[in-house]
Amino acid sequence: MVTSFNVPRLVIAAPSSGSGKTTVATGLMAAFSERGLAVSPHKAGPDYIDPGYHALATGRPGRNLDAFMCGPQLVAPLFAHGAAGADLAVIEGVMGLYDGAAGRGELASTAQVAKLLRAPVVLVVDASSQSRSVAALVHGFASFDPQVRLGGVILNKVGSDRHEVMLREALEEAGMPVLGVLRRAPQVAAPSRHLGLVPVAERRADAVSSVAALADQVRQGCDLDALMALARTAPALDCETWSPEQALLPHPAPSRNWAPPRPGPQTPDGLEDPASPAFEARGLGRSPRGGAAPVIAVAGGAAFTFSYAEHAELLTAAGAEVVTFDPLRDEALPPGTTGLVIGGGFPEVYAPELSANEPLRKAVAGFAAAGGPVAAECAGLLYLARSLDGKPMCGVLDADARMSERLTLGYREAVAVSDSVLAPAGTRLRGHEFHRTVIEPGAGAAPAWGFTHPERRVEGFVQGGVHASYLHTHWAAEPSVAVRFAEAAAAHR
């Protein structure tokens, strides 16, 4: 049902990557949270790492808004789902304001997300090597698309008081409000490596300190009252609010006596409260085949940090109990595991430690050999391989993985080549690749996906109950994936 949804909101964008979007967005989230506001954090595009810092800053799940993988029609509903009950939403952009999927115009750009959300944009400008030219730069971004409402600028990496005066004078001539000025502060920068920032899970204590420092920097350098006033100018959105239960309704229920109507109360992390009467009355938490819920174990910890919050929500709505385990520390799968999800992350960084945990490697191999359903994406693919950089892994796949110099990055259009626990052959999905590793061979006898754009090739492995691939997908785009996987987990039990 279409409803009018209104929450103050800001899109934090920039002329290009490296301008300081994450610094400003995370600092704003933390600074407003310190004021006692419930801040809903969002990230445009497929990035997994920035939402971890957003969650740390706000205490709410960091959520992605990806118009390529999920389609433009789901951006506002997913936003409304994540921002429910919030006093303010902050959406961090991706790349430059108008950069999107290659060759697809504005698709998946920050500008498109801002228009779909009818949200004002704050442009973060790296001013370290310019003065009056900043006005020409900002004027160009403000006038390029009249439907994008640029509400002000935050100047980053300003060198001195004199530098700030020149920048402010130039922007005053252009009629563009300056909503903040941040000086160079390398001490609050988060460390990076081959795929971007180091995830929160790998440096939690330091990350907490970094986020606190960002909040302090933003509080001192930005006009929070003016930013909040700008956020409140965003008009109401008329859209359906996405929910995992409603998302499953168009898809065949795994059994006649299992159907998910309206959701019940939620826990602070945004998941539905399993203790609520509505949850129990709908039969959620029980298997779609009857009896206890299938237990789906999801890899977590420092080596496996990449996941979308909606995946666990969809699995729960499909009748599964979702339990997290850490392949670096846990020597066995969670008790009663009937399904296994191993998402993305950095197994290449932790290859020696993952290899040393032989009991868990054998447990995963045994689970797969017994026909257990396994969904593995990117890092999960590497973990299931025979070896990674010469270190023994689980050996589920007859393939070996290694680090490479080449970055594989970009959106993909894919079709399922083989029937699997995720999708029947012929299913079309959009996804994203992001890795500096290679696996040899790149595909098994039954490949997982055939890419149709931007290149034509097959990749990944389907064998028994295993689906392993480099491709990251967003299940909100095709909720039947969660239903199919939960059904496979229930059948395996």
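These questions and answers walk through strands and helices in a predicted model.

Trainee: In what order do the 7 strands of the open sheet lie?

Mentor: Look at the pairing first: it is parallel. The edge strands are β4 (63–65) and β8 (178–183), each pairing on one side only. Between those ends, the order reads β4-β3-β5-β2-β6-β7-β8.

Trainee: Which residue stands opposite V153 in β8?

Mentor: Start with the strands. β7 (residues 150–158) runs parallel to β8, and 4 bridges join them. Opposite V153 in β8 stands V178.

Trainee: What angle does the direction of helix α4 make with that of β2?

Mentor: Helix α4 (residues 110–117) packs on the sheet. Among the strands it touches are β2 (9–13) and β6 (121–126). Its direction makes an angle with that of β2 of about 170°.

Trainee: Why is α5 called oblique to α6?

Mentor: Helix α5 (residues 133–144) and helix α6 (residues 161–173) have axes 8 Å apart and pack at about 45°. Roughly parallel needs an angle under 35 degrees, and roughly perpendicular needs 65 to 115. The angle of about 45° fits neither range, so α5 is to α6 oblique.

Trainee: How many nonpolar residues make the contact of α5 with α6?

Mentor: From α5 come V134, A135 and V138. From α6 come L167, A170 and L171. No polar and no charged residues take part; the nonpolar count is 6.

Trainee: Which hand does the crossover from β12 to β13 have?

Mentor: Strands β12 (residues 295–299) and β13 (residues 321–325) pair in the parallel sense over 5 bridges. The chain leaves β12, passes through helix α11 (residues 309–317) and reaches β13. This β-α-β crossover is right-handed.

Definitions and conventions
Residues numbered from 1 in each chain as written. Predicted model: local features only at pLDDT ≥ 70, side-chain atom pairs only at ≥ 80, totals over all residues. Heavy atoms only, no water. Pairing = 2+ DSSP bridges. Helix = DSSP H or I, 4+ residues; strand = E, 2+ residues; numbered from the N terminus. Right-handed = clockwise from strand over helix to strand, strands pointing away. Axes fitted to C-alpha atoms, helices over the stretch in contact; angles between N-to-C directions. Parallel < 35°, antiparallel > 145°, perpendicular 65-115°, else oblique. Contact = heavy atoms within 4.5 Å. Nonpolar A, V, L, I, M, F, W, Y, C, P; charged D, E, K, R; others polar.
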